[in-house]
Amino acid sequence: MSTYISAENLGHSFHDNWLFKNLTIGINRGRRVALVGINGAGKSTLLKILSGSLKPTEGKVAQARDLNVGYLEQDPHFKNAVTISDYIFHADNIQQQLIRRYEELLENDPENMKEMDKVMEEMSEIDAWEYEYKIKTILGRLDIHHLNQHINTLSGGQKKRLALAKLLIEDPEIYILDEPTNHLDIDTIEWLEKLLTEGSKTILMVTHDRYFLDNVCNEILEIDRGKIIPYIGNYGYYLEKKAERDASDEATFQKNSNLLRKELEWMRRQPKARGTKSKSRIDAFYDLESKTKNNGPKQNVELSVKTARQGNKIMEMHGISKGFNGNTYIKDFSYTFKKGDRIGLAGKNGSGKSTLLNLITDQLQPDSGEIIKGETTVIGYFNQAGLSFKEDERVIDIVKNVAEFITMADGKLISASALLTLFLFPPAKQYGMVSKLSGGEKKRLHLMSILIKNPNFLILDEPTNDLDIDTLNVLEEFLTNFPGILIMVSHDRYLLDKLTDQLFIMEGGGKVLIYNGNYTSYRIELEEAKQLNKKPATALSTPIQTETPKKAKLSFKEEKELEGLEKEIADIEATLKATTDALNTTNIDPKELTKLTDKIAYLNKQLDAKSARWIELGELKEA
């Protein structure tokens, strides 16, 4: 297995503050690796160093000769490119230049048949049509259409999609991706997942999207207190092993393991995860729980500020419609909000999600119909446009300007400083200036300033961009316990699944479909319904509770199969452990390393298949 990038004794510091020291890392061909760690651990910096765009303070990075590296940074730069065409198409690539000419003719001068015939003939001579189709598909999926548009007129999201499009068109030998799912809708994220997992692409990425991470990557590298800790497996495996590692370190365990446990338990309950967990893994986890549940403090502080009292009448929408410039985004939509509603908004970019939110918050008025808000309804609206602070103001003053003390859900008062600490702002950050905060920290502070006003109707529009996974855990812990109405727009399928149990699907043309269930359930039913050319069974004009059909009992043959599976799974896991232990030995031969990693991949596939069948039969037996 050839090594594409290797680094020895890497160290990097900003203003005498060391992010990490003495890191050694190697990225081999065919591996799909995710880099995880808290905000400020140095993830993006390490990506820049490995891509060759930043020189480390210490150590050295070596790349394979003539390696084609594709690097997607969080905030892309476009050098001297003026238009989208300038950036996408290389001047020295004959195929690309012909395709550029063909696309520009189609857009700007389609009646010029003489020039069109000439370009089409030249494209046929060099077999450029398949490449043209690939380029057009990528640009279309990423919503890039006008090649003569100037780059300086694009929004931040459009620029990120443009940089991603160029990377996918070039198809480098190694993809280095920093938050590739930001500014993509869910359909596009799922398309990107498939694209990145086709063939044997080599990938190193940072992402907060846990489903994307779980589906694309098969290795995790965690940066923890300046060190790299490797995990061979997907995100679910990483959570499990990290929880075990934290359990052996009491101080770390006190801080993190409760969140990890809840997240891991939740992941196992999802329909998506049923095929990947074995009995022995589950038993091992609950054994860990029983051993450690008394180690921590008796009470955990929960991030749950007081919520304003909510009356019986919350909000009613009666036959509302809204359109702009001849396009209808919402047509004759009615809904009466009720206590406990937790609703996710899903749909492609531009389908009307923000329009619906602006109608609910009274920032827009419907063209027809009416919206009636209850007298006790207090709306908190978190969106990108509302993110504005004075850069020369201290962080703690942002909170103190609202209240010196904040009432928690249990009636206790805590200080502004204590609340900031719960939101992962340590004292050093609290008394620093807003200008020193990262983009993710500013978003976290903006969310705080909304929550301490005690809303009982909370609207979150893309809350996860720029937040690391640990911060998301704190946010999710709060939102899980939030007693009011929750409406959320997010491209993060994990967050939609975890925090919502009903969807408004913006289908386009003004149609809003109400679905009773979470996003993964919707996608599963949608795939099944495609075969029968009908809508999902629980897609209704008004949500209702449906009974779960009873399952058939096990046959004698299936009983025997279930008994055998338990032994088979145990044997595979024992072999997998031994193989993983062998992989972790020092001075291992490169050929042996390849053999062991291939064997681990094969064993994991076997384990997943056997586990899926074991869980399926186990559920039938318990029915």
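How many salt bridges does the count come to? In this predicted model, the count comes to 21 salt bridges. The protein chain that holds them has 623 residues, of which 48% count as buried, and it is built with 21 helices and 21 strands. Among its contacts with a separation of 6 or more, 68% are made by residues 24 or more positions apart.

Three of these salt bridges are set out below, each with its N to O distance.

| Salt bridge | Closest N to O |
|---|---|
| Arg-523 with Glu-190 | 3.0 Å |
| Glu-193 with Arg-493 | 2.4 Å |
| Asp-367 with Lys-322 | 3.3 Å |

In the pair of Arg-523 and Glu-190, Arg-523 lies in helix H19 (residues 519–532) and Glu-190 in helix H7 (residues 186–197), so the pair ties together parts that are 333 residues apart in sequence. Glu-190 is buried, with a relative accessible area of 15%. Helix H7 also carries Glu-193, whose partner Arg-493 lies in helix H18 (residues 493–499), so this pair ties together parts that are 300 residues apart in sequence. Glu-193 is buried at a relative accessible area of 10%, and Arg-493 likewise counts as buried, at 4% relative accessibility. A network of salt bridges links Asp-187, Glu-190, Glu-193, Asp-209, Arg-493 and Arg-523.

The salt bridge between Asp-367 and Lys-322 links distant parts of the chain, with Asp-367 in the loop between helix H12 (353–360) and strand S13 (368–373) and Lys-322 in strand S10, 45 residues apart. Asp-367 counts as exposed, at 52% relative accessibility, whereas Lys-322, at 11%, counts as buried.

Strand S10 (residues 315–324) also holds Glu-316, which is buried yet has no salt bridge. Why is Glu-316 without a salt bridge? The nearest side chain of opposite charge, Lys-313, is 4.6 Å away, and because a salt bridge requires a side-chain nitrogen within 4 Å of a carboxyl oxygen, this distance does not qualify. The side chain of Glu-316 does make a polar contact with the side chain of His-318, at 2.9 Å. Leaving out residues up to four places away in sequence, Glu-316 touches Tyr-335, Thr-336, Glu-370, Ile-371 and Ile-372.

Turning to the nonpolar interior, the largest nonpolar core has 52 residues, of which Leu-142, Leu-162, Leu-168 and Leu-196 touch the most other members. Helix H6 (residues 156–170) gives the most to this core, with 7 residues. Apart from it lies another core, of 42 residues, including Val-395, Ile-450, Leu-479 and Leu-503.

Ile-450 is also one of the buried residues of helix H16, in which 12 of the 13 residues are buried. What covers the buried residues of H16 includes strands S14 (379–382) and S17 (457–461), together with helices H13 (395–400), H14 (416–422), H15 (427–430) and H17 (469–481). At 1.5 Å a residue, the 13 residues of H16 (residues 439–451) should span 18 Å, and the end C-alpha atoms are 19 Å apart, which agrees.

Finally, Met-488 lies in strand S18 (residues 485–489) and is buried, with a relative accessible area of 0%. Met-488 and Asp-461 are 27 residues apart in sequence, yet their C-alpha atoms are 5.9 Å apart in space. Beyond residues up to four places away in sequence, Met-488 touches residues including Ile-343, Leu-345, Leu-460, Pro-463 and Leu-499.

Note on methods:
Residues are numbered from 1 along each chain as its sequence is written. This is a predicted model: local features need pLDDT of at least 70, side-chain atom pairs count only at pLDDT 80 or more; totals for chains, interfaces and linings use all residues. Side-chain values use heavy atoms; hydrogens and water are left out. Helices (H or I, at least four residues) and strands (E, at least two) are DSSP runs, numbered from the N terminus. Buried means under 20% relative accessible area, exposed over 50%, partly exposed in between (1.4 Å probe, protein chains only). Lys and Arg count as positive and Asp and Glu as negative; His and the chain ends are not counted. A polar contact is a pair of N or O atoms within 3.5 Å; within protein, one must be able to donate a hydrogen and the other to accept it, and residues adjacent in sequence count only if both atoms are side-chain atoms. Contact means heavy atoms within 4.5 Å. A nonpolar core is a set of buried Ala, Val, Leu, Ile, Met, Phe, Trp, Tyr and Cys residues joined through side-chain atoms within 4.5 Å. The expected span of a helix is 1.5 Å times one less than its number of residues.
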